[in-house]
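Here are my notes on the model you sent over, set out as numbered points. I hope they are handy to have beside you as you turn the structure on screen.

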Amino acid sequence: MCGIFGYMSNKEQGDLLLRMGSVITHRGPDGIGYYSKDRLHMGARRLSIIDLDKGDQPISNESGTVWTVFNGEIYNYIEIAEELKERGHVFNTRCDTEVIVHAYEEYGYSFLDRLNGMFAFALWDRQNRQLWLARDRIGEKPLYYGVQNGTFFFASELKAIRAHPDFRPTINRDALASFLRFSYVPAPYSIYEGIKKLLPGHMLCLKSPMSESNPQSYWSLEEVMHASNRDPFSGSDEEAVGELEKRLKKTVRSRIVSDVPLGAFLSGGIDSSAIVALMQTQSDRPVNTFSMGFHEPGFNEAAYAKRVAEHLGTNHTEIYLNSQEAMDVIPKLPEMYDEPFADSSQIPTHLSSVLARKHVTVSLSGDGGDELFAGYNRYLIAERLWKVAGRLPNALKNRTADLAAGISPESVERFYGKIEGILPQKMKVSLPTEKFYKLARALRATSSPQEVYKRIVSIIHTPEELLTLGSELPTILDAETPWHEIDDTVLTMVSLDLMTYHPDDILQKVDRAAMSVSLETRVPYLDHNLVEFIMSLPLEMKIRKGSSKWILRQVLYRHLPQELMERPKMGFAVPVSEWIRGPMKEWAEELIDNKRIEEERYFNTQAVVEMWQQHLSGKFNRTHELWNILMFQAWLSNNQFGN
């Protein structure tokens, strides 16, 4: 695992690579290397995982005509290397990075089809004077790029680009509007003018700093979904469960290859428990597992994780944190995430990474299970909501939504507490107040399932009303095509989540949180061959009798008692609402001070003040909207530049 950075320019610019690399030392504390010829300057920070002695980057082919800097892991590199050796290629390392240059030399850019892994890399073809950038199919590893002042930049993190003197950090106000809606800046955009994120499953080729760079897709989730609709899995339930377990075992086995200590995050939920169970079946020693708990009962899963660990016999480490320890992370977030990012689970994700890094260098996670196996509550309610709401007049929907939004959080919690004991297990939820208000927002005037879905995944529905300037940027969520091409509401939502929320929120959150402490994370569910198989499974194998992840549960129950897993889905939340009303109130008020907001000229002062007062009163829960604003303000303060 590494951090990569570089630029293409006709200007001689001294020690810029050293400056760019020094700001992302956390991504690769074990070494740094450079290539600087032919107008192309690139480097890599290395976190040594495979071939600790000889895997330093940049790496070239035998003749020095192809060079690469690489971030990630190629899980089938041994197989590819053996094939290339048979064709006469000579390898100098056991490192997976080296297969990139030889495979390109042998097959051209089509070698991407052969790679199984997570990656972002830059490859320089000296003979053809071509710079290639590529990102893995699902978007596990980040890659930013862009042009300013005659210089083309690329890097794993924006801070490396910011270190270059040709870069001008001008905030894209339209990207800010999109951030307020989603809590993240959606790809291909970034918070800065002129800088983009390379989309998952895409590559681009550049011959000069100012030549047009049009990314091209080499793998498409949309095409996978269409192929699955045309040719779905047709076997029995038993055959499907068996095939899924076999494929999951194979994928997990490929992810536990490492020359350094390795473990896994264990929340005690379905996804991580399945990964750990399959790791333990293929290990001759107890697997290292890590979980973190909070003393607040509504936010604590550690007790469940401990029971799973005891049953599987893992070498389990847990830590309980109080709110102050979690809040101490918040000032570090703007530097860690580089652009505004407001998924508050970034806090426990970082703390879990800190815990794991004390014991291992690589940790597997269960991310991706919710999307692939239709595990989010929205998959269960969105279609039902539309069937009801679609029959109601807009005026009635709006009135109902307004009434629901006006119910105090305390009243919601009190009502749920009264009925929780009589609800069937599958209808119980964690954080009921948060889900109640999200449902109320989604109920407002809607004309299609597409609009219901966008409301459910949105935090602020009219961001322009909060801003002095800026209009939302178009994303795939605004396109009608997915809803027409996939003839199923739930499958369309799954597809869109995997293309937007998953890479831009979940995977970005994990990458920055873990790499900030030099921890490599691996996500078995995101093996593209496994994704293609899971997408081919009929929806009734994922959602059955009102419960999600049916088929994954069947695999898990072969290794764990069912009663260990029967509980409401909790997620990875922290009590932000209570914090900003209580111990963090002064911090919040400083960031959204009237004078400060007026001077910065990004937000509508009155709108922000009204939102803040509503939240303080306790009559409304405006946690998520305020957290988006506060995270932007904290990021802006950390970056110290003008309008």
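1. Helix α12 passes helix α21 in a right-handed crossing. This is a predicted model, so please read every value below in that light. The axes of α12 (residues 346-357) and α21 (residues 501-515) come within 8 Å and cross at roughly 40°. Angles from 35 to 65 degrees fall between the roughly parallel and roughly perpendicular ranges, and α12 and α21 are therefore oblique to each other.

2. Which residues make the contact between α12 and α21? From α12 come Gln346, Thr349, His350 and Ser353, and they meet Lys509, Val510, Ala513 and Ala514 of α21. By class, this contact has three nonpolar, four polar and one charged residues.

3. A second helix pair is worth a look alongside that one. The axes of α7 (residues 237-255) and α22 (residues 528-536) come within 10 Å, crossing at roughly 165°. An angle over 145 degrees counts as roughly antiparallel, and α7 and α22 are therefore roughly antiparallel to each other. The crossing of α7 past α22 is left-handed.

4. On the α7 side, Ala240, Glu243, Leu244, Arg247, Leu248 and Thr251 make the contact, while α22 contributes Asn529, Leu530, Phe533 and Ile534. Sorted by class, the residues of the contact between α7 and α22 are six nonpolar, two polar and two charged.

5. Now to the sheets. One is an open sheet of six strands with antiparallel pairing, in the order β2-β3-β1-β9-β8-β10. Its edge strands are β2 and β10 (195-197), each of which pairs on one side only. From one strand to the next, the twist of this sheet averages 10°.

6. Within that sheet, β2 (residues 32-37) and β3 (residues 40-46) are antiparallel partners over six bridges. Strand β1 (residues 2-8) also pairs with β3 in the antiparallel sense, over seven bridges. Arg45 is a good residue to find on screen: in β3, Arg45 is the bridge partner of Ile32, and Gly3 stands opposite Arg45 as well.

7. What joins β2 to β3? The two strands form a hairpin with two residues between them, and in this hairpin Asp38 takes a positive phi near 55°. Asp338 may be looked at in the same sitting: Asp338 has a positive phi of about 70° although it is not a glycine. Asp338 lies in the loop between α11 (333-337) and α12, the helix discussed in point 1.

8. Strand β2 also takes part in an aromatic pair. A search of the whole structure finds 22 aromatic pairs. Tyr35 and Trp67 form a tilted one, with 5.0 Å centre to centre and 40° between the planes. This pair links distant parts of the chain, since Tyr35 is in β2 and Trp67 is in β5 (residues 66-74), 32 residues apart.

9. There is also an open sheet of five strands with parallel pairing, in the order β15-β14-β13-β16-β17. At its edges are β15 (315-321) and β17 (520-522), each pairing on one side only. The twist of this sheet averages 30° from one strand to the next.

10. For a closer view of the five-stranded sheet, try β13 (residues 262-265) and β14 (residues 288-294), which pair in the parallel sense over three bridges. Phe265 stands opposite Phe290 in β14. Helix α8 (residues 270-281) packs on the sheet and touches β13, β14 and β16 (362-364). The direction of α8 makes about 150° with that of β13.

11. Finally, two peptide bonds to check by eye. Where along the chain is the bond from Gln57 to Pro58, and is it cis or trans? The bond is cis, with omega near 0°, and Pro58 is in the loop between β3 and β4 (59-60). The peptide bond from Ala187 to Pro188 is cis too, with omega near 10°. Pro188 has its place in the loop between α5 (173-182) and β10, and β10 is one of the edge strands of the six-stranded sheet.

Note on methods. Residues numbered from 1 in each chain as written. Predicted model: local features only at pLDDT ≥ 70, side-chain atom pairs only at ≥ 80, totals over all residues. Heavy atoms only, no water. Pairing = 2+ DSSP bridges. Helix = DSSP H or I, 4+ residues; strand = E, 2+ residues; numbered from the N terminus. Axes fitted to C-alpha atoms, helices over the stretch in contact; angles between N-to-C directions. Parallel < 35°, antiparallel > 145°, perpendicular 65-115°, else oblique. Left-handed = near helix turned anticlockwise from the far one by under 90°. Contact = heavy atoms within 4.5 Å. Nonpolar A, V, L, I, M, F, W, Y, C, P; charged D, E, K, R; others polar. Phe/Tyr/Trp six-rings, centres within 6.5 Å; stacked < 30°, edge-to-face > 60°.
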